[in-house]
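Me: I have a model open and want to go through some of its local features. Can you take my questions as they come?
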Amino acid sequence: MIEAIKARRSIRHYLPTPLIKEQLEEIVRAGMAAPSAKNLQPWHFVVTEGKAKERVCAAMEAGIERERQSPMLPDTRHYLDGAFETLRVMREAAAVILITSPIARPLSATMTLDQRVTEICTAQSVGAAIENMCLQATALGIGSLWICDSFFAQAELRAEAGGDSEIYALLALGYAAEKPAARPRRPLEESAEWRTE
């Protein structure tokens with residue numbers, strides 16, 4: 001598994017080659033195998049290809065355009081160009097998985113402390129599932145991109161996913177048409193510390 005961790009890259013250019021259903025199933029099963037707080041397994045995966053993926057892309061585009069006119073996230077509009085680049089990646093990818101959580105509270109919800117803690121635990125659990133899927137994709141020779149700027153189209157993507165769950169992220173998948181180098185990481189001394197007393 002360490003080989004997949006070292007080899008994983010964020011892929012933004014894909015070949016026009018479809019994926020095999022069994023490979024997509026392996027990737028989703030890897031997500032389902034992730035640890036989760038209280039074993040709640042607070043995730044649901046909507047795998048889209050073909051016309052279904054086109055509808056997801058249309059929902060993403062509609063959300064970005066809405067953000068231009070009436071932003072839900074006014075302090076982050078300078079990231080909208082990046083969201084359009086993400087949309088290009090989604091269109092090029094063979095599949096896009098919507099990662100949702102049926103127990104997540106809406107972004108605009110006011111939360112009690114207990115609810116906030118549950119939300120943090122849910123985010124950690126869903127993040128573990130997404131990382132498992134990225135690593136399984138890498139092990140299968142499939143590229144992936146973990147997409148977080150789906151929040152620009154939260155309402156539109158939520159409706160496309162079925163409307164019962166909050167969108168946590170998207171995952172683009174396909175055969176890579178690029179071989180990006182590893183991005184630099186901070187030295188161990190800056191990122192970690194050891195304490196014995």
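Reply: What follows is a short run through a buried residue, a helix, the pockets, some backbone angles and one more side chain.

Me: What kind of model is this, and what are the ground rules?
Reply: This is a predicted model, where local features need pLDDT of at least 70, side-chain atom pairs count only at pLDDT 80 or more, and totals for chains, interfaces and linings use all residues. Residues are numbered from 1 along each chain as its sequence is written, and side-chain values use heavy atoms, with hydrogens and water left out.

Me: Start with Glu166. Buried or exposed?
Reply: Glu166 is buried, at a relative accessible area of 7%. Buried means under 20% relative accessible area, exposed over 50%, and partly exposed in between, with a 1.4 Å probe and protein chains only.

Me: Where is Glu166 in the fold?
Reply: Glu166 is in strand E4, residues 166-174. Strands (E, at least two residues) and helices (H or I, at least four) are DSSP runs, numbered from the N terminus.

Me: Which side chain does the Glu166 side chain make a polar contact with?
Reply: That of Arg158, at 2.7 Å. A polar contact is a pair of N or O atoms within 3.5 Å; within protein, one must be able to donate a hydrogen and the other to accept it, and residues adjacent in sequence count only if both atoms are side-chain atoms.

Me: What else does Glu166 touch?
Reply: Leaving out residues up to four places away in sequence, its contacts include Ile99, Thr100, Arg105, Leu107 and Gln154. Contact means heavy atoms within 4.5 Å.

Me: Gln154 is in H6, I think. Which residues of H6 are buried?
Reply: In helix H6 (residues 154-161) they are Gln154, Glu156 and Leu157. They lie on the same side of H6, because they cover an arc of only 165 degrees around the axis, the arc being that of the directions from the helix axis to the C-beta atoms.

Me: What do they pack against?
Reply: Helix H3 (50-69), strand E2 (95-101) and E4. Just after H6, Gly162 has a positive phi of about 125 degrees.

Me: Switching to pockets. How much space is in the largest pocket?
Reply: About 280 Å³. On a 1 Å grid over the protein atoms alone, a pocket is an open set of points where a 1.4 Å probe fits, with protein on both sides within 12 Å along at least five of seven lines; lining residues have an atom within 4 Å of a point. The volume is the space filled by probe spheres set on the points, which are joined across faces, edges and corners.

Me: What is the lining like by class?
Reply: Four nonpolar, one polar and seven charged residues. Ala, Val, Leu, Ile, Met, Phe, Trp, Tyr, Cys and Pro count as nonpolar, Asp, Glu, Lys and Arg as charged, and the others, Gly among them, as polar. The lining includes Arg8, Arg12, Glu178 and Arg185.

Me: And how much space in the second largest pocket?
Reply: About 200 Å³. Of its 14 lining residues, the closest to the centre are Arg105, Leu107, Glu119, Phe151 and Tyr168. Helix H5 (113-139) gives the most to that lining, with four residues.

Me: What about phi at Lys38?
Reply: Lys38 is not a glycine, yet its phi is positive, near 55 degrees. Lys38 lies in the loop between helix H2 (21-32) and strand E1 (44-48) and is exposed at 77% relative accessible area.

Me: Last one: which side chain is joined to that of Glu85?
Reply: That of Arg88, by a polar contact of 2.7 Å. Glu85 is in helix H4 (residues 80-92) and is partly exposed at 35% relative accessibility.
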